[in-house]
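Hi everyone, thanks for making room for me today. Have a look at the screen, and I'll talk you through a few places I picked out.

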Amino acid sequence: SIFYNGRILGLFVNDDRLIVFESSISPKRPVSDLSRREVIPPMDPQGVNLNIYDISKRESPLLLKELFLEGYYMNSRMIGDWVYVVINQPTISWFEDSQEIIMPRIYVDDRIMKVPATEIHYSSESIDVPDSYSIIVAVNIKFEDVETEYKVLLTGYATNMYVSQKNMYITMPHGDWWQDKETTIIHGIAIQGPDITFEANGIVPGRVLNQFSM
């Protein structure tokens with residue numbers, strides 16, 4: 001049996017692999033660098049545990065890999081032996097009256113993968129003051145020793161996602177819908193196994209209803 005304390009956000013089953021997404025505020029394993037303070041907006045969850053199990057023996061699942069992704073689960077897809085996850089993460093943390101710029105991090109088992117500012121992508125179509133990162137993570141579910149890949153885009157808050165076999169499209173609301181000037185930013189991202197490449201972006205009028213309208 002597998003027991004979780006957080007809310008289950010989603011899961012995939014692929015042959016003898018089970019992938020579970022759980023809401024959490026910290027990694028399951030202890031790590032030495034837990035300096036994050038309260039972040040805004042104050043939403044729940046503040047993080048996502050991604051656990052990969054070998055379920056070849058159904059009565060005794062074996063945990064193969066653990067990831068902890070700081071931020072808020074947006075959506076995920078599985079293509080072949082790869083799972084792609086999109087996380088929204090605020091760019092600023094607040095503690096009492098002080099604020100601090102957040103640099104994204106990904107926890108893989110007991111390692112911390114820090115994303116330097118030079119590896120964060122910025123689009124000219126992003127909002128004037130981006131308040132959120134879109135973190136795209138590619139995880140191989142077949143072989144646990146294959147490195148986890150990721151890309152970070154400085155954007156607004158991602159709301160919808162559509163994925164084909166080789167491309168991902170992420171939308172962010174933009175403009176002022178109170179004054180009937182609402183627009184939507186669309187980012188096109190090529191995905192092929194561990195390769196994640198930002199290809200194109202643009203703005204269209206109106207608001208995207210959901211993934212099916214994309």
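Let's start at Asp15, in the loop between β1 and β2 (17–24). When I say strand, I mean a DSSP run of E with at least two residues, while a helix is an H or I run of at least four, and the numbering starts at the N terminus. Asp15 isn't a glycine, yet its phi is positive, about 55 degrees. Most residues other than glycine have a negative phi. Is Asp15 buried or exposed? Asp15 is exposed, at 59% relative accessible area. My cut-offs: buried is under 20% relative accessible area, exposed is over 50%, and partly exposed is in between, using a 1.4 Å probe and protein chains only.

Before I go on, some ground rules. This is a predicted model, where local features need pLDDT of at least 70 and side-chain atom pairs count only at pLDDT 80 or more, though totals for chains, interfaces and linings use all residues. Residues are numbered from 1 along each chain as its sequence is written, and side-chain values use heavy atoms, leaving out hydrogens and water.

Back to β1, then. That strand covers residues 8–14, and Val13 lies in it. Val13 also joins Ile8 and Leu11 in a nonpolar patch on the surface, with about 270 Å² of accessible area together. To be in a patch, a residue needs over 30% relative accessible area and no salt bridge; nonpolar side chains (Val, Leu, Ile, Met, Phe, Trp, Tyr) are joined within 5 Å, like charges within 9 Å. The areas come from the Shrake-Rupley method with a 1.4 Å probe, and for residues only the protein chains shown count as cover.

Now the whole chain. How many helices and strands does it have? Zero helices and 17 strands. Of its 214 residues, 46% count as buried. The chain exposes about 11,600 Å², with carbon and sulfur atoms supplying 52% of that. As for contacts, meaning heavy atoms within 4.5 Å, take those with a separation of 6 or more: residues 24 or more positions apart account for 57% of them.

Some of those strands make an open sheet of five, in the order β5-β6-β12-β13-β11, with mixed pairing. Two strands pair if DSSP finds at least two bridges between them. At the edges sit β5 (72–79) and β11 (120–122), each pairing on one side only.

Take the β5 edge. Seven bridges join β5 to β6 (residues 82–90), and the two run antiparallel. One residue to find there is Met78, whose bridge partner in β6 is Val83. β5 and β6 form a hairpin with two residues between them, and in the turn Gly80 has a positive phi of about 60 degrees.

At the other edge, β11 is joined by three bridges to β13 (residues 149–155), and this time the strands run parallel. Here His121 has Leu153 in β13 as its bridge partner.

Just ahead of β5 there's Gly71, in the loop between β4 and β5. Gly71 is buried, with a relative accessible area of 3%. Its C-alpha atom is 9.0 Å from that of Tyr133, although the two are 62 residues apart along the chain.

Last topic: salt bridges. I count one when a side-chain nitrogen of Lys or Arg is within 4 Å of a carboxyl oxygen of Asp or Glu. A search of the whole structure finds five, and I'll show you some of them.

Glu70 and Arg105 meet at 2.9 Å, N to O. This pair links distant parts of the chain, with Glu70 in β4 (residues 62–70) and Arg105 in β9 (residues 105–108), 35 residues apart. Both Glu70 and Arg105 are buried.

Next, Glu147 and Arg111, at 3.7 Å, N to O. Glu147 is in the loop between β12 (132–140) and β13, and Arg111 is in β10 (residues 111–114), 36 residues away. Glu147 is partly exposed at 42% relative accessible area, and Arg111 is partly exposed too, at 38%.

And then Glu182 with Arg207, where the closest N and O atoms are 3.2 Å apart. Glu182 lies in the loop between β15 (167–174) and β16 (183–192) and Arg207 in the segment after β17 (195–205), so the pair ties together parts 25 residues apart in sequence. Glu182 is buried, with a relative accessible area of 18%, whereas Arg207 is exposed at 57%.

That's my tour, thanks for listening!
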